[in-house]
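Welcome! Take a moment to look over the sequence and the 3D view, and then use the notes that follow as a short guided tour.

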There are 2 protein chains.
Amino acid sequence: MGTPVAPEHPVSFAPPGSFANTLKSDLKETFFPDDPFHQFKNEKPARRLTKAIQYFIPIFEWLPNYNFKLFRYDLLAGLTITSLAIPQGISYAKLADIPSIIGLYSSFVPPLIYAVFGNSKHIAVGTVAACSLLLQSTISEVASPKDDPILYLHLIFTATFITGIFQTALGFLRLGILVDFLSHSTITGFMGGTAIIIFLQQLKGFFGLKHFTTKTDVISVMHAIFQNRKEWRWESLVVGVTFLLFLQVTRYVSKKNPKLFWVSAIAPMVTVVVGCLFAYLVHADKHGIQTVGDLKKGINPPSIQFLNFESKYLPTVLKAGIITGVIALAEGIAIGRSFAIMKNEQVDGNKEMIAFGLMNIVGSFTSCYLTTGPFSKTAVNFSAGCKTAMSNVVMAVSMGLTLLFLAHLFGYTPLVALSAIIMSAMLGLIKYEEAYHLYKVDKFDFVICMAAFLGVAFISMEVGLMFSVGLALVRALLYVARPATCKLGKLPNSTVYRDIEQYQDSANIPGILLLQLGSPIYFANSTYIRERILRWIREEQAISDSEGNILEHLLLDLTGVTSIDMTGIETLVELRKTLQVNDIQMAIINPRIKVMEKMITSKFIDVIGKQSVFLSVNDAIEACRFSLRKSKQNNDTTEGPVAV
Amino acid sequence: MGTPVAPEHPVSFAPPGSFANTLKSDLKETFFPDDPFHQFKNEKPARRLTKAIQYFIPIFEWLPNYNFKLFRYDLLAGLTITSLAIPQGISYAKLADIPSIIGLYSSFVPPLIYAVFGNSKHIAVGTVAACSLLLQSTISEVASPKDDPILYLHLIFTATFITGIFQTALGFLRLGILVDFLSHSTITGFMGGTAIIIFLQQLKGFFGLKHFTTKTDVISVMHAIFQNRKEWRWESLVVGVTFLLFLQVTRYVSKKNPKLFWVSAIAPMVTVVVGCLFAYLVHADKHGIQTVGDLKKGINPPSIQFLNFESKYLPTVLKAGIITGVIALAEGIAIGRSFAIMKNEQVDGNKEMIAFGLMNIVGSFTSCYLTTGPFSKTAVNFSAGCKTAMSNVVMAVSMGLTLLFLAHLFGYTPLVALSAIIMSAMLGLIKYEEAYHLYKVDKFDFVICMAAFLGVAFISMEVGLMFSVGLALVRALLYVARPATCKLGKLPNSTVYRDIEQYQDSANIPGILLLQLGSPIYFANSTYIRERILRWIREEQAISDSEGNILEHLLLDLTGVTSIDMTGIETLVELRKTLQVNDIQMAIINPRIKVMEKMITSKFIDVIGKQSVFLSVNDAIEACRFSLRKSKQNNDTTEGPVAV
């Protein structure tokens, strides 16, 4: 404190860099913001190769340092997630209307692939409810799971393959930016809506219905349940409610005491085992309680020969593959990142995309369907103390053993037990508190969230998703189309200038209007900016008149303007013309490097003259004060409000 | 100069305003940025009513003060534009494949409507080439102008009606913002591309072809011309080239000497008159030179009974109406604004939309097709010295007289003369220099422009337009998704901190990393911002290490951040967590009012503590210096580079 104000530093009018350099740095900022190659600099070729292999195939990075102590943790975590993978695999496969065994296959091969290529330490690979239902509702448009289950299943494999190719391509093209456009609010709403419709779908199992709708929206589902009242079975309902209560109680226990996380983690497995025993002992199917039915022994058979690219199915399969691919990525990457942050680690989104993509490509060759890093399983993996992706290997091995020796036993699982497991999982996905928090903090975010929620619940999953993403994009464009401008005033006893709305004790500067512009200035907002500035001037002139001053200077603080285009520059030229007619001088303050470059190339600087460009607000104010002609001269340069 | 640095001013932590107030002010900024009602404030009710009428029907504003002196100018301008309106009306109607007389009708009713409701003084109403061709290519998809000319014409009227409704609705809903998204680059490219294809289409008339393609792209048109080589007529070609040369010479004369603007303005009329005489005298149609043919005497017959809303045509008609409506608005508003700026006047885009809309609605009832404020006619009107919209009235009256008494004479006009008029007009619309300027100043703008140009020329007008607008939107989203961040350094001999890349003599601050963020922080860029900041920290740590310092503080200057959403705030929280683990303190500087409000509501301020929020960079630096523990203490607070 106590430094004298320094003399003016000259404004930099350095000529812009070459186009090639600018393009290179722009592309780098757009696609490689994390500078992934920084670690390869200044390394010897051999070391660089090792590093590159480690970079692209992360298992080579952590496996050499792996030891038995870490393995103990991963073993425990791996076994815990296996106990979750079996019931979830069977349940979600039911949701996708494919044979239950496919759900188990999907926890065998994909986790092995992820362990090699994935760079999150906490993700547990598995199938997810939302994507299972979305696949079912999309693919069943062209192939009926009832009438032609073979074709239907093959199209599911094909969609998984498309997802894999799409995800890998996004990763290689460094297009993680696309996933960024799925906002947290959209995902919250989408998950909540999906949870509701999946929950309601399970009522089919609860009531033991044989007829049901293929639609997913709330109204159709409720209608189907009440229309088929005659099929309701109380036996099924009793068993279901019992299981659901059991699962919810274990969830409550784990929530109250985080150390008991394993209680809720193994509860689904307990449900399945108890359900199987119960079904076996009481011959449940004779009492209206349906079971899963035959499960073949043996690990994944190849399915590469089943991929079906017939042109009549291709558009639907592409749609299903790409939409589920985006959702699966958004869920998997978001979750991987959240847990990495807790441990202060980094997850590279583009590498994760490649890992997920490869896992789905190989999955589609080996009788698996869409997998990602689901929230519930990953959370259990994290709580169980996993240290590396080895826990996925443990899960895969246990699942392989299960498939070889135990699979057939799960054939006795009552469908109603699976319904209870799904319902319990879904109840955990509806985040009332988060929605309420959004409502409190940001109404637009809340609307985006509700658009996804209501759209999914009452229309369809795609519509809800697109509606919500559309709103989010409109918001993004509105940010750009209507940038904030504010008038700055001088804070008392300082040389600091701040928004007069925010700092109400800041003082007007007689004869000078100082505006701070938002960013950027370009075609979509240039008309707005010009009209808004003219309005500021009109309002300022009214104030000046009432004080006997005359507005002589307009100062535009461009500190917040990160970019400008041709239309933006033309707007400034036009604005200056309009002002000149009214005898107001225009000057600009602190144009940033990109803006300055464009102003130089377009000769704007030559038009307004270098003397109208200032480095700081203070410099500009001093220069203007010096040239004020008609207003009351204000020589009080040291401090204090000059007029209010 | 010479003021001591002022003592710290406290940061304002004022609680946010009520939701209703915020919403109201946001809506006002979005839809009423020009504050159109400011003139009604503080007025008596009677005066307010008068003002309101004058506001919505501008003729009441200027007509009471109208006098004969002004009329002299408007009369001259009105007659000049009539001489342009007749040949252009006939030509563009041919382009739209409708009877030529419709083109003349369209310069009778619409200008009268515009004179009442329009608020630009310079716009001359008329039909435009691009929209005429676009209407033709769209409507001919469902109705053939050859086989069913009546239906085709009725659909053109219907599309005009839709355009009118659409434009009026946009105006009332204050959605001028939509037109803002058609950038100058897009319009330049679109106009150039359209000019090329319209120019090539005229070769049909030049070569006297009877068979031609209905497609508009360059390749199909060139193919059609060469395929029908047998039909080529040299007579037609000679006459055409002669007229085109004449028109280009007059254009050159007017360009060289702006006072002779009337030479090029009346040249088309001269061409038509000479053409008629020539055709009449030599019986041109017997020599392979086709003429316009019968033109009925009399003014516009009603056409409201012909509007056709049959569902099989409706989608196409809606598409045609809306796309041409947007293009016509973009052209009309942009041109009205450009001329208003020259005269230092304002044009209200939303009011213009209503005026254009009403003009097209009434036009569609009275046998007119799509009209707007075309560039060429408006420029002539302006050069001819028009003072008010009265010049449109003069044009309408002259056109009415022409229709009543002279129309049939124009039936002798050779088609090749019309082709020459169109070609000459089109040559003026290809702005090589503008494209080159874009290329020099802004490569992305150039790409947007070329996308429209090449898309229109080689694919179709809609595709070109959408492709270009799509690119412009991607650019807008990229601005948002990849905001600029920069590291600030201290300028020598000052207390000013600026981008170290821009001001290369600015100095590092030991132990402190000062970053300036772009705007806004929200879901689409939060991941980027976090990764980019972590990269800045990594780079800074490398520099600090080499200097024996330790990075202890991260200061984020939020001056440029106009907005933040929930995801953005969560990102800052996560960032802070990551930093704490690395023993780096995070502080924020000068959050603006909207950002501060959200930080308070979301409890972010409570999390980081009010002591971590600073009003200015200087305050923050001083506070941090005080708490630096491990770095070399830097007591040199007065000036100079401290380390580089």
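How far apart do the end C-alpha atoms of residues 260-282 of chain A lie? They are 32 Å apart, and the span is 96% helix with 0% strand. Please keep in mind on this tour that the model is predicted. The stops below take in the two copies of the chain, some annotated regions, and a few individual residues.

**How the two copies are arranged**
- Turning chain A by 180 degrees, with a shift of 0.0 Å along the axis, lays it on chain B with an RMSD of 0.1 Å.
- The two copies are thus related as by a two-fold rotation axis.
- If you want to find that axis from chain A, look for A:Gly560, whose C-alpha is the nearest to it in that chain, at 1.9 Å.
- Both copies use the same surface, since 100% of the contact residues of chain A recur in chain B.

**What the contact is made of**
- Chain A gives 82 residues to the contact, and chain B gives 82 residues.
- On the side of chain A that touches chain B, there are 32 nonpolar, 28 polar and 22 charged residues.

**Regions named in the UniProt record**
- An unreviewed UniProt entry annotates residues 502-624 of chain A as "domain: STAS".
- Across residues 502-624 of chain A, helix makes up 51% and strand 15%, and the end C-alpha atoms are 25 Å apart.
- UniProt (unreviewed entry) also lists "transmembrane region" for several stretches of chain A, including residues 150-175, 260-282 and 444-474.
- Residues 444-474 of chain A are 94% helix and 0% strand, and their end C-alpha atoms lie 11 Å apart.

**A look at helix H17 of chain A**
- Helix H17 of chain A covers residues 375-383, and its buried residues include A:Ser376, A:Lys377, A:Val380 and A:Phe382.
- After H17(A) comes A:Gly385, which has a positive phi, near 90 degrees.

**One residue up close: A:Ile187**
- You will find A:Ile187 in helix H10 of chain A, which spans residues 184-201.
- Is A:Ile187 buried or exposed? A:Ile187 counts as buried because it has 20 C-beta neighbours inside 10 Å.
- Apart from neighbours within four places in sequence, A:Ile187 is in contact with A:Leu182, A:Ala330 and A:Ala334.
- A:Gly363 lies 176 residues from A:Ile187 in sequence, and their C-alpha atoms are 25 Å apart in space.

Key: Residues numbered from 1 in each chain as written. Chains lettered and ligands numbered in written order. Predicted model: local features only at pLDDT ≥ 70, side-chain atom pairs only at ≥ 80, totals over all residues. Least-squares fit on C-alpha atoms with pLDDT ≥ 70 in both. Contact = placed C-beta atoms within 7 Å. Nonpolar A, V, L, I, M, F, W, Y, C, P; charged D, E, K, R; others polar. UniProt positions renumbered as here; feature names shortened; annotations may be inferred. Helix = DSSP H or I, 4+ residues; strand = E, 2+ residues; numbered from the N terminus. Buried ≥ 20, exposed ≤ 12 C-beta atoms within 10 Å, placed from the backbone.
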